[in-house]
Amino acid sequence: MKLNSLLIAMLLFAITSIRGQENQSPKFGKGLFNLVGKDSTFTMKIGARMQFLAISNWEDGEANESNFLVRRARLKFNGFAYSPKLKYKLELGLSNRDISGASEYTSNAPRYILDAVIKWNFHENFVLWFGQTKLPGNRERVISSANLQQVDRSLLNSRFNIDRDLGIQLRHHFNITDTFIIKEALAISQGEGRNITSGNLGGHQYTGRLEFLPFGDFASQGDYKGSDLKREPTPKLALGVSYDFNNNAVKTRSNQGDYMVNEEGVFHETNISTLYIDAMFKYQGISFMAEYADRNADDVFFTNEEGDIDAVQIGSAINLQAGYLLKKDWEISGRFTNIDWDKLTGNANQSQYTLGVSKYIVGHKLKIQSDISHLEVTQGNNELMYRLQFDIHF
């Protein structure tokens with residue numbers, strides 16, 4: 001209740017402050033409104049977004065299950081403070097899926113905060129980030145859920161991503177030629193995910209990423225958006241590799257998953273490393289994205305709170321995804337994902353095939369997406385899933 005009241009108060013304050021600011025009414029999809037200080041020493045763009053999802057599952061030998069939910073509901077604030085070289089971003093999640101995961105490690109509070117980060121361009125192409133935000137891991141995870149090509153991300157992402165964390169990041173880019181760009185990112189973080197207040201358990205997490213863009217930048221940062229909505233007039237390619245090392249990790253999936261704690265409350269600590277290799281290609285409405293992930297751990301087995309032997313979720317995965325943008329911004333897309341768990345985990349391997357259809361009314365800001373997926377489980381029940389989702393972003 002307190003946080004809800006605070007959010008309402010923030011919005012009311014922003015609205016009533018418009019009289020004292022330079023108000024620039026944006027186009028649809030560019031924010032609810034933009035604030036600019038009288039002396040131009042700060043800006044704030046305020047936006048909101050919602051995703052409404054209908055989903056139906058059929059599992060072999062089981063009854064059909066259907067569900068309707070608000071998949072995502074968020075408020076976004078961004079701009080600069082004091083100088084355009086000092087930017088910030090605050091994103092709050094309001095749906096049940098956004099805020100779930102309250103525990104003693106989050107002071108038993110809902111996880112409202114998604115991003116709370118400042119970005120300081122302190123010298124030429126060097127930018128220092130500080131706060132909570134996405135780590136420079138796999139490309140699909142860094143792509144905003146607002147800009148996805150299909151209804152949601154792949155199984156590779158849900159099983160192997162490193163998501164958000166608290167810490168610092170250093171970003172830089174430079175040109176080899178007029179068109180060949182190299183981008184670098186280094187991060188040091190807490191290693192237990194977002195909104196953690198009872199840390200730091202175990203060690204810290206270290207992430208590095210290199211990206212190569214041989215044909216120059218994509219239009220409108222399209223290397224981190226699904227679909228080729230800009231219909232790139234010349235071929236664009238981005239190749240990326242990330243390596244993540246979580247020292248003395250205490251969760252089953254690096255900084256994600258369950259805490260590895262036994263009946264006596266003692267944490268199992270082990271070094272966990274994750275490798276990502278990815279690519280994005282776009283040209284005249286054609287888009288293709290490929291990702292590979294591999295996770296390993298020094299000490300795989302531990303005793304959980306029930307006294308049973310459990311394992312760190314190690315293994316590898318591949319995800320291949322392609323789409324073609326038709327006339328009037330209809331798109332057909334397809335995806336293949338394979339999860340190959342290490343035999344030590346005892347998990348069943350999975351392969352998923354997905355066919356998607358999207359209608360972009362105002363790009364990613366107003367769209368309808370639908371897909372159907374067939375999941376094959378090794379020595380398990382296969383599943384069929386249908387999804388329909390409506391997105392609106394102010």
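**Following the charged pairs**

Let's start with Arg72: with a relative accessible area of 4%, it is buried, because anything under 20% counts as buried. Keep in mind as you look around that this is a predicted model.

So what does a charged side chain pair up with in there? Side chains of opposite charge can pair when their charged atoms come close. For Arg72 the partner is Asp152, and the closest N and O atoms of this salt bridge are 3.3 Å apart. The two sit far from each other along the chain: Asp152 is in the loop between H3 and H4, while Arg72 belongs to strand E4, 80 residues away. Asp152 is buried too, at 14% relative accessible area.

Asp152 also forms a salt bridge with Arg71, where the closest N and O atoms are 3.2 Å apart. Here again distant parts of the chain are linked, since Arg71 lies in strand E4 (residues 65-81), 81 residues from Asp152. Arg71 is buried, just like Asp152.

Now hop over to another pair, Asp223 and Lys183, whose side chains meet in a salt bridge at 3.9 Å, N to O. Asp223 is in the loop between strand E10 (205-213) and strand E11 (236-249) and Lys183 is in strand E9 (residues 181-189), so this pair ties together parts that are 40 residues apart in sequence. Are these two buried or exposed? Asp223 is buried, with a relative accessible area of 3%, whereas Lys183 is partly exposed at 25%.

Finally, salt bridges can join up: Arg49, Arg74, Lys89, Glu91, Asp98, Asp115 and Arg164 are linked in a network of them. Across the model, the count comes to 18 salt bridges.

Note on methods: Residues numbered from 1 in each chain as written. Predicted model: local features only at pLDDT ≥ 70, side-chain atom pairs only at ≥ 80, totals over all residues. Heavy atoms only, no water. Salt bridge = Lys/Arg side-chain N within 4 Å of Asp/Glu carboxyl O. Helix = DSSP H or I, 4+ residues; strand = E, 2+ residues; numbered from the N terminus. Buried < 20%, exposed > 50% of the residue type's maximum accessible area, 1.4 Å probe, protein only.
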